[in-house]
Amino acid sequence: MRWLITGAGGMLGRDVVEELTRRGETVVGLDRAALDITSPSAVDSAVREHRPDVVANCAAYTAVDDAETDEARALEINGDGPRLLARACAAHDARLIHVSTDYVFSGEARTTPYPEDHPTGPRTAYGRTKLAGEQAVLAELPGASAVLRTAWLYGVHGSSFVRTMIGLEARRDTLDVVDDQRGQPTWSADVAERIADLGPRLGPEAHGVFHATNSGEATWFDLAREVFSLIGADPDRVRPTSSAAFPRPAPRPAYSALAHHRWQEIGLPLPRDWRSALHEALPRIRKEGLPRETP
């Protein structure tokens with residue numbers, strides 16, 4: 001298969017390119033400098049030139065707080081860009097996998113993970129723009145597209161909460177970490193594998209919305225303690241606090257765990273537990289060192 005990856009300079013995009021290359025696929029990765037997904041002519045030219053069977057859109061405006069005052073720009077990238085990609089895929093007979101987020105939900109659930117068909121209700125500008133992208137993709141390319149919602153990403157490449165905790169452990173005696181937001185820490189390499197698995201299946205029998213997070217649940221406090229334990233530090237140096245201690249322009253979901261029923265429907269196993277993924281990922285993250293600048 002021929003693949004085209006947008007946003008290939010970011011954490012997830014780089015993992016997708018590496019995973020597909022490892023599998024022997026033909027893959028072209030375009031970072032932000034190589035492809036502006038908000039340009040209709042650039043998007044159409046890229047799809048026409050590279051003739052992909054599948055496009056995986058990992059490009060996004062991800063500055064959650066900045067989007068509160070920059071919603072128009074966020075909508076260009078998160079809403080209009082996916083629409084242009086879907087139209088180009090329709091015109092050139094390609095399929096599209098679009099990466100989205102748990103922020104399309106209200107985050108007000110308490111004990112039950114959100115199923116794929118749960119009504120959306122974003123409470124932030126970022127969430128609204130990402131929902132617009134989902135809707136555009138599914139409307140423009142029905143039957144040949146998939147939306148993969150993910151959350152709480154960390155990876156070998158780029159910055160993340162996990163990498164921040166590793167750095168702060170070396171500089172602080174204690175850390176106060178939020179314990180009233182619950183979600184699913186997710187290794188970007190596992191999401192890359194899901195994208196690679198889904199591509200060949202994508203079509204009439206496998207399309208629509210999928211949730212691509214690791215399974216299980218944790219708070220940021222739980223995650224920080226697990227990181228400390230795995231690097232040989234005392235987890236009791238991590239102390240619980242509330243979201244009120246860290247006010248942000250955009251409210252964070254109190255609960256955003258996602259259910260994974262659709263993977264079994266298309267013959268793929270459920271995602272592994274977040275602790276298992278973190279145990280494998282952490283040595284690789286530490287070996288990588290400080291994040292490199294990416295376009």
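Trainee: Is cysteine 58 buried or exposed?

Mentor: Cysteine 58 is buried, at 16% relative accessible area. With a 1.4 Å probe and protein chains only, buried means under 20%, exposed over 50%, and partly exposed in between. Before we go on, remember that this is a predicted model, where local features need pLDDT of at least 70 and side-chain atom pairs pLDDT 80 or more, while totals for chains, interfaces and linings use all residues. Residues are numbered from 1 along each chain as its sequence is written, and side-chain values use heavy atoms, without hydrogens and water.

Trainee: How many disulfides should I look for?

Mentor: A disulfide is a covalent bond between the sulfur atoms of two cysteines. Here the test is a pair of cysteine sulfur atoms within 2.5 Å, and the count comes to zero. For cysteine 58, the nearest cysteine sulfur belongs to cysteine 89, 13 Å away. Cysteine 89 is in no disulfide either, and it is buried, with a relative accessible area of 1%.

Trainee: Now the sheet, please. In what order do the six strands lie?

Mentor: Strands of a sheet pair through backbone hydrogen bonds, either parallel or antiparallel. Two strands pair when DSSP finds at least two bridges between them. Helices (H or I, at least four residues) and strands (E, at least two) are DSSP runs, numbered from the N terminus. In this open sheet the order is β2-β1-β3-β4-β5-β10, with parallel pairing. At the edges, β2 (26-30) and β10 each have a single partner strand, so one side of each lacks a neighbour in the sheet. Ignoring direction, neighbouring strands are turned by 20 degrees against each other on average; the axes are lines fitted to C-alpha atoms, and angles run from 0 to 180 degrees between N-to-C directions.

Trainee: Which residue of β3 stands opposite threonine 6?

Mentor: That is asparagine 57. β1 (residues 2-6) and β3 (residues 54-57) pair in the parallel sense over four bridges.

Trainee: And what lines the second largest pocket?

Mentor: On a 1 Å grid over the protein atoms alone, a pocket is an open set of points with protein on both sides within 12 Å along at least five of seven lines, and lining residues have an atom within 4 Å of a point. There are 14 lining residues, with Glu18, Glu19, Trp187, Ala189 and Arg284 nearest the centre. α1 (11-22), α6 (188-201) and α9 (274-288) each supply at least two of the lining residues.

Trainee: Where is glycine 203?

Mentor: Glycine 203 sits in the loop between α6 and β10 (208-211), and counts as buried at 7% relative accessibility.

Notes. On a 1 Å grid over the protein atoms alone, a cavity is a set of points where a 1.4 Å probe fits but cannot get out, and a pocket is an open set with protein on both sides within 12 Å along at least five of seven lines; lining residues have an atom within 4 Å of a point.
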